[in-house]
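Student: Could you walk me through the aromatic residues, the helix and a pocket in this model?
Tutor: Yes. Have the structure open as we go.

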Amino acid sequence: MTHAMLKGSNVPLEATTVRAVLRWSPGQGVPDVDASALLLGLDGRVRSDEDFVFYNQPRHPSGKVWRLGKKRAAESLTDTIQTDLAGVESGVGRILLVASADGVTFDRVQALRILLYDAQSPDGEALAYFDVKPETGQETALICGELYRRGEGWKFRALGEGYSNGLKGLATDFGISVDESEAAEEPEASATPEPPARTPGSASPDAVTQAQAPAAPAPEVSRPLPPEQPPSSVPTQPAYGYPPQQPPATAPAQPAYGYPHPTSPPAHGYPAPAPATAAAQAAQDRYGFPPPATGAPDPDFRLPPQGPQFIGR
């Protein structure tokens, strides 16, 4: 006879080995459910982390509680915990049967039920079942029921107690030490860096700090401008930094195109005749050579020797 249980009800167990089967209906958006068990001591807490049987630790060291794994039935999925009640250590007073969904709330799990079977009669009908319904729908872990000692025997109680912080929060409440190594590896943002190690002969940390600190800017001081010098006493410097060349006291007049007057006789050996008039002098100053003579020919002018081609026959 199968007992349909309500929340808080209990049923005595005559079987010495029982299978607790979690069953739910799969579907779009339905999370995967995992079955696990916590073996609690007489004080209501685990004796060590080994008393937690779950997907990462599927078998208790005593070998009396273990997971059988997930299976697919006709229109459902199952995950099973099996317990040898006759061989459970005397220091264990209760065994919690837990369902958890990884970060997904149980309001999305359809037709969640826990069924208890006699493991010695695998083809027999269930001893009892309990339809687990979350109270708020925001639970991510549920204690579906518990196996507990009563005198020399065992009983099963339907619970349906939920946790919104998942399997981690549930396990912590019963004394499981959650691994926080990842959080410990993260450096604290507010941690003060250690000072650098000093070697013999090195400067002290205070001296290093002073050397690395930027110098404070000097205050601005208004200085009076020097008195202006008269233009005649201030030599003009070219932009490229060389001192200027001093012009001669009596610089000769330069022609318009920038070439100086010739200071020696022409290369052809004839002396330049002196200009006869002021206009001729001005023309000579402008063009650099004397204008053509307009007076009588020079009586001393003689042609140079000529070749035979110029001698008349």
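**Rings, helix and pocket**

Tutor: Phenylalanine 52 is buried, and phenylalanine 54 is buried too. Buried means under 20% relative accessible area, exposed means over 50%, and partly exposed lies in between (1.4 Å probe, protein chains only). This is a predicted model: local features need pLDDT of at least 70 and side-chain atom pairs pLDDT 80 or more, while totals for chains, interfaces and linings use all residues. Residues are numbered from 1 along each chain as its sequence is written, and side-chain values use heavy atoms, with hydrogens and water left out.

Student: Why does phenylalanine 54 count as buried?
Tutor: Its relative accessibility is 16%, so phenylalanine 54 counts as buried. Tyrosine 55, with a relative accessible area of 42%, is partly exposed.

Student: How do I read a pair of rings?
Tutor: A pair of aromatic rings is described by the distance of the centres and the angle of the planes. Rings of Phe, Tyr and Trp (its six-membered ring) pair if their centres lie within 6.5 Å; planes under 30 degrees apart are stacked, over 60 edge-to-face, and the rest tilted. This structure holds two aromatic pairs. Phenylalanine 52 and phenylalanine 54 are stacked, at 4.3 Å centre to centre and 10 degrees between the planes. The rings of phenylalanine 54 and tyrosine 55 have centres 5.2 Å apart and planes at 70 degrees, so that pair is edge-to-face. Phe52, Phe54 and Tyr55 form one aromatic cluster.

Student: Which residues of helix H1 are buried?
Tutor: First, the general idea: an α-helix has 3.6 residues a turn, so residues three or four places apart point the same way. Helices (H or I, at least four residues) and strands (E, at least two) are DSSP runs, numbered from the N terminus. In H1, residues 166-173, the buried ones are Gly166, Leu167, Gly169, Leu170 and Ala171. Just after H1, glycine 175 has a positive phi of about 100 degrees.

Student: How is a pocket found, and what lines the second largest one?
Tutor: Rolling a probe the size of a water molecule over the atoms shows where empty space is left. Here a pocket is an open set of points on a 1 Å grid over the protein atoms alone, where a 1.4 Å probe fits, with protein on both sides within 12 Å along at least five of seven lines; lining residues have an atom within 4 Å of a point. The second largest pocket is lined by 20 residues, with Phe52, Phe54, Tyr55, Leu167 and Lys168 nearest its centre. H1 gives the most to this lining, with four residues.
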